[in-house]
Structure formats: structure tokens, C-alpha cells
Amino acid sequence: MDKIQALELKLDSLLQQCQQLAADNRALREQEGQWQRERQRLIKNNEVARSRVETMINRLKGLGQDN
């Protein structure tokens, strides 16, 4: 009977670890999704800033040609 109880305890422990790993995995996947959304937002902001800078450069070049 002691071997069966020991086996049951080990099985319970493994089940708890499996549940904890599943919860950790869900949390990590959610965090990954958040990072990816943040990355996309930053890429978009960078593109907008680049476009504005290019527009300003072209306007400055145009002003220099007018003189």
C-alpha cells in the first residue's frame, strides 16, 4: 500500500506541475501578444516620424533652391 500511496503523491505532484506550466504558458503567450502589438505600434510611429522628417528635409531643400 505504501508504494501505491507514494505513486499517487508523485502523480499528484506531476499534475500540479503540469497545471502550473499550462498557466505559465498561457501567461507567456499573452505577454508575447502584448509585445508584438507594442512592436507594431512602435514600427508605425517610426514610419510616421520618418515620413515627417523626409517631408521637412524636402521643404528645406526647396527653400534653398528658391534663394
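This tour moves through a predicted model, from the whole chain to individual side chains.

**The whole chain**

Begin with the entire protein in a cartoon representation. Its secondary structure consists of 1 helix and 0 strands. The radius of gyration is 29 Å, whereas the globule rule gives 11 Å for 67 residues; the protein is therefore more spread out than a compact globule. Aligning the view with the principal axes shows the C-alpha trace spanning about 100 × 10 × 5 Å.

**Surface and charge**

Next, switch to a surface representation. About 6,800 Å² is exposed, and carbon and sulfur atoms supply 55% of that area. Of the 67 residues, buried ones make up 1%. Colouring by charge then brings out 12 positive and 10 negative side chains. The centres of these two sets lie 8 Å apart.

**First salt bridge: Glu30 and Arg37**

A search of the whole structure yields 2 salt bridges. For one of them, select Glu30 and Arg37 and display their side chains as sticks. The closest N and O atoms of this salt bridge are 3.5 Å apart, under the 4 Å cut-off for such a contact. How accessible are the two partners? Glu30 has a relative accessibility of 44% and counts as partly exposed, while Arg37, at 51%, counts as exposed. The reason for the two labels is the cut-off, since exposed means over 50% relative accessible area.

**Second salt bridge: Glu38 and Arg41**

Move now to Glu38 and Arg41, whose side chains also meet in a salt bridge, with an N to O distance of 2.7 Å. How are these two residues placed along helix 1? They are 3 residues apart, so about one helical turn separates Glu38 from Arg41. With a relative accessibility of 31%, Glu38 is classed as partly exposed. Arg41 is likewise partly exposed, its relative accessible area being 41%.

**A nonpolar patch**

Finally, select Val53, Met56 and Ile57 and return to the surface view. Together these three residues make a nonpolar surface patch of about 250 Å². Centre the view on Val53, which lies in helix 1, the element that covers residues 2–66. Is Val53 buried, partly exposed or exposed? Its relative accessible area is 41%, which makes Val53 partly exposed. That value also fits its place in the patch, because patches are made of residues with over 30% relative accessible area and no salt bridge.

Note on methods
Residues are numbered from 1 along each chain as its sequence is written. This is a predicted model: local features need pLDDT of at least 70, side-chain atom pairs count only at pLDDT 80 or more; totals for chains, interfaces and linings use all residues. Side-chain values use heavy atoms; hydrogens and water are left out. Helices (H or I, at least four residues) and strands (E, at least two) are DSSP runs, numbered from the N terminus. The radius of gyration is taken over C-alpha atoms; the globule rule is 2.2 Å times the number of residues to the power 0.38. Buried means under 20% relative accessible area, exposed over 50%, partly exposed in between (1.4 Å probe, protein chains only). Accessible areas come from the Shrake-Rupley method with a 1.4 Å probe; for residues, only the protein chains shown count as cover. Lys and Arg count as positive and Asp and Glu as negative; His and the chain ends are not counted. The place of a charge is taken as NZ of Lys, CZ of Arg, CG of Asp or CD of Glu. Patches are made of residues with over 30% relative accessible area and no salt bridge: like charges are joined within 9 Å, nonpolar side chains (Val, Leu, Ile, Met, Phe, Trp, Tyr) within 5 Å.
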